Structure formats: C-alpha cells, structure tokens
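The report below is meant to be read beside the sequence and the 3D structure. Please keep both in view while reading.

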Amino acid sequence: QYGALVRKIVPERRYRLLIDKTIDLSFNHMVKPKYPGMVYIRGGDGIAGEIHDELQRTNALEALPAANRLVEIEAAGIEKIAHRFGNVHVVSVPGNHGRAHRKVYSKRYVDTNYDTLTAWMLEKWFRKDGRITFHTPPSGDAIISIYGWNFLLTHGDRIGSRGGGGYIGP
C-alpha cells in the first residue's frame, strides 16, 4: 500500500517543483526578465495508461481517475505560470501510454488517447481565461513558431525507434 501511495504522490511533487523551479530560474536568475508569455509543452504520456498487463496491475490509479487528477494538477501549474508570465500557450500532442487500446492504431490515433482528452479538459477549464491559449492539433504532431523559429513537437513513439531513445538519444 505504501508503494502505491508513493507512486501517486511523488510525480505530483516533482511537477510542482518543476513549475516552481521554472518560475524561479526565469525571474530570479535572469537579468531584467521581461517575457511576453510562456509556451507550455505537453508531449504525451501524462498518465502511465493500461497498455500492458504489468501496468494494469501496478498503476496507482486506473486511466480515467489518473487523467482527471492530471488535469487538476496541471491546471494549478498552468494557473501559476499564467500569474507570473501573463500569457501561456499550451501545446499538446498525445503519447503512446495514453492510448485507450493495447494495440497501436494509426487511424484515430489522437481521438483514442487520454492525453488528448486531458488537453480538451484543460481547454474547457481555462475557456474563460484570456491569458491562456491552446493548440491541440488533430494529428500526433504540432508545429509551433516561437520568435520566428518553427518547431515540431512529436512524442516520438511513431518514428520507428521502439523501446526508448533509439537513434534520437535521450
């Protein structure tokens, strides 16, 4: 029971620490920081999912309660970022662990993924907050432009490396 409790609490603490450290580094360790906002990247695998027998037995939460809790945790972090940076642009792509099926399907990849569901839930959470905008494309990839530079956000599970870093590194 203790192990399940630790698995449930530790990621939340790490996430809060990540948000706090990002704000601290951005405002307390930069010379005259003046930001037009922040891009918040959601690269998938927000939940462990139930894609393997082992995960079904060892996850602290089932997929739906985990997705619901993830939205609560991330909403608090996004709110904190918006308070400090003024504007937040949230970009979301799905990962392989959030899929609702054990088998990987190419068709409806986005629409059958808990990462997409949590992105939509966050969009609804902040629908009346003009400081926060969203980009949740209908594909597994997102192209974003930051200061004239184009970036491709992809989870990476569909590029053929299989089982970890592959040829692209950690």
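## A residue in a loop and its surroundings

Ile-47 touches Ala-63, Ala-66, Ala-67, Leu-70, His-97, Tyr-114 and Asp-115, if residues up to four places away in sequence are not counted; contact here means heavy atoms within 4.5 Å. The model is predicted, so local features need pLDDT of at least 70 and side-chain atom pairs count only at pLDDT 80 or more, whereas totals for chains, interfaces and linings use all residues. Residues are numbered from 1 along each chain as its sequence is written, and side-chain values use heavy atoms, with hydrogens and water left out.

Ile-47 is placed in the loop between strand 1 and helix 2 (53–58), where helices (H or I, at least four residues) and strands (E, at least two) are DSSP runs numbered from the N terminus. With a relative accessibility of 7%, Ile-47 counts as buried; buried means under 20% relative accessible area, exposed over 50%, and partly exposed in between, with a 1.4 Å probe and protein chains only. Although Ile-47 and Asp-115 are 68 residues apart along the chain, their C-alpha atoms are separated by 7.6 Å.

## The protein as a whole

The protein has four helices and five strands, and from the N terminus on these elements run α-β-α-α-β-α-β-β-β. Of its 170 residues, 34% count as buried. Among the contacts with a separation of 6 or more, 68% are accounted for by residues 24 or more positions apart.

## Helix 3 and helix 4

Helix 3 (residues 63–85) and helix 4 (residues 114–125) pack at an angle of about 45 degrees, and their axes are 9 Å apart. These axes are lines fitted to C-alpha atoms, for helices over the stretch in contact, and angles run from 0 to 180 degrees between N-to-C directions. Helix 3 and helix 4 are therefore oblique to each other, since angles under 35 degrees count as roughly parallel, over 145 as roughly antiparallel, 65 to 115 as roughly perpendicular and the rest as oblique.

Which residues of helix 3 and helix 4 meet? From helix 3 come Ala-63, Leu-64, Ala-67, Asn-68, Leu-70, Val-71, Glu-72, Glu-74, Ala-75 and Ile-78, and from helix 4 come Tyr-114, Leu-117, Thr-118, Met-121, Leu-122 and Trp-125. The residues of this contact divide into twelve nonpolar, two polar and two charged; Ala, Val, Leu, Ile, Met, Phe, Trp, Tyr, Cys and Pro count as nonpolar, Asp, Glu, Lys and Arg as charged, and the others, Gly among them, as polar.

Helix 3 has 23 residues and reaches 32 Å from its first C-alpha to its last, close to the 33 Å expected at 1.5 Å a residue. The expected span is 1.5 Å times one less than the number of residues. For the twelve residues of helix 4 this span should be 16 Å, and the end C-alpha atoms are 16 Å apart, which agrees.

Within helix 4, Tyr-114, Asp-115, Thr-116, Thr-118, Ala-119 and Leu-122 are buried. What covers the buried residues of helix 4 includes strand 1, helix 3, strand 2 and strand 3 (132–135).

## Buried residues in other loops

The table sets out three further loop residues, each with its accessibility and a C-alpha distance to a residue elsewhere in the chain.

| Residue | Relative accessibility | Partner and C-alpha distance |
|---|---|---|
| Arg-99 | 14% | Thr-112, 6.0 Å |
| Gly-140 | 5% | Ser-106, 9.7 Å |
| Asp-129 | 16% | Glu-79, 9.6 Å |

Arg-99 lies in the loop between strand 2 (88–92) and helix 4, Asp-129 in the loop between helix 4 and strand 3, and Gly-140 in the loop between strand 3 and strand 4. Leaving aside neighbours within four places in sequence, Gly-140 is in contact with Val-93, Pro-94, Tyr-109, Val-110, Leu-153, Thr-154, His-155 and Arg-158.

## Positive phi angles

Most residues other than glycine have a negative phi. Lys-32, which is not a glycine, has a positive phi of about 45 degrees; Lys-32 sits in the loop between helix 1 (2–28) and strand 1 (38–42) and is exposed, with a relative accessible area of 76%. Phi of Tyr-147 is also positive, near 50 degrees, and Tyr-147 is found in the loop between strand 4 (141–146) and strand 5 (149–154), where it is exposed at a relative accessible area of 69%. Just after helix 3, Gly-86 takes a positive phi of about 90 degrees.
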